[in-house]
Amino acid sequence: QVQLAESGGGLVQAGGSLRPSCTASGRTFSSYSMGWFRQVPGKEREFVAAVSWGGGGTSYADSVKGRFTISRDNAKNTVYLQMNSLKPEDAAVYYCAAGRFGSTWRSYDYWGQGTQVTVAS
């Protein structure tokens, strides 16, 4: 089992930045690829970004390319999502997930509880 806990969401003005993080406990963090997804009420959970177990491979949704950066620190069992130039449409609950590298929720076996990101226009 892997337990995931997100933090670092919050309220930010459009154009601002946030850096949510996700810390894992339990089985070996470095064995898993990590992903970030987001969801707004009434919509499906949407892929945001993923990073491979060693950090050498990354993938991004087109909507966040050039603005968001995913990274991980295996020594700290933590994955980060640096979000710059935030837009109102980025507002959502952001979830981290652990599993196989991919852009669909089916690739991931473990999920955090989510952290709210609100972007004021």
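## Strand pairing and an aromatic cluster

Strands E3 (residues 21-26) and E8 (residues 78-83) run antiparallel to each other, paired over 3 bridges. Keep in mind that this is a predicted model. Besides the strand pairing, there's a set of aromatic rings to look at: a search of the whole structure turns up 5 aromatic pairs, and ring pairs tie Phe37, Phe47, Tyr108 and Trp111 into a cluster.

**The four-stranded sheet**

- E3 and E8 belong to an open sheet of 4 strands, ordered E1-E3-E8-E7 with antiparallel pairing.
- Strands E1 (2-7) and E7 (68-73) sit at the edges with a single partner strand each, so one side of each has no neighbour in the sheet.
- On average, neighbouring strands here are turned by 15° against each other, ignoring direction.
- For a specific residue match between E3 and E8, look at threonine 23, which stands opposite threonine 78 in E8.

**Strand E11 and its partners**

- E11 (residues 115-120) has alternating side chains: Thr115, Val117 and Val119 point to one face and are buried, whereas Gln116, Thr118 and Ala120 point to the other and aren't.
- One partner is strand E2 (residues 10-13), which pairs with E11 in the parallel sense over 4 bridges.
- In that pairing, glycine 10 is opposite valine 117 of E11, and Val117 is one of the buried side chains of the strand.
- Another partner is E9, which runs antiparallel to E11 and is joined to it by 3 bridges.
- Valine 93 has glutamine 116 as its bridge partner in E11; the side chain of Gln116 is among those on the face that isn't buried.

**The aromatic cluster**

- Phenylalanine 37 and tyrosine 108 have ring centres 5.4 Å apart and planes at 75°, so this pair counts as edge-to-face.
- That pair bridges distant parts of the chain, with phenylalanine 37 in strand E4 (residues 33-39) and tyrosine 108 in strand E10 (residues 108-111), 71 residues apart.
- Tyrosine 108 also pairs edge-to-face with tryptophan 111, at 6.3 Å centre to centre and 70° between the planes.
- Are Phe37 and Tyr108 buried or exposed? Both are buried: phenylalanine 37 has a relative accessible area of 1%, and tyrosine 108 has 5%.
- Tryptophan 111 comes out at 26% relative accessibility, so this residue counts as partly exposed.

**Around phenylalanine 37**

- Leaving out residues up to four places away in sequence, phenylalanine 37 touches a list of residues including Phe47, Val93, Tyr94, Tyr95, Trp105, Tyr108 and Trp111.
- Arg45, Glu46 and Val48 are also among the contacts of phenylalanine 37, as are Ser103 and Thr104.
- Valine 12, by comparison, is 25 residues from phenylalanine 37 in sequence and 19 Å away in space, C-alpha to C-alpha.

**Arginines over rings**

- Arginine 19 lies over the face of tyrosine 80, 4.0 Å from the ring centre.
- Arginine 72 has its charged end over the ring of phenylalanine 29, at 4.5 Å from the centre.

**The loop at serine 107**

- Serine 107 is in the loop between strand E9 (92-99) and E10.
- With a relative accessibility of 9%, serine 107 counts as buried.
- Setting aside neighbours within four places in sequence, serine 107 is in contact with Gly99, Arg100, Phe101 and Gly102.

Definitions and conventions: Residues numbered from 1 in each chain as written. Predicted model: local features only at pLDDT ≥ 70, side-chain atom pairs only at ≥ 80, totals over all residues. Heavy atoms only, no water. Phe/Tyr/Trp six-rings, centres within 6.5 Å; stacked < 30°, edge-to-face > 60°. Helix = DSSP H or I, 4+ residues; strand = E, 2+ residues; numbered from the N terminus. Buried < 20%, exposed > 50% of the residue type's maximum accessible area, 1.4 Å probe, protein only. Lys NZ or Arg CZ within 6 Å of the ring centre and 35° of its normal. Contact = heavy atoms within 4.5 Å. Pairing = 2+ DSSP bridges. Axes fitted to C-alpha atoms, helices over the stretch in contact; angles between N-to-C directions.
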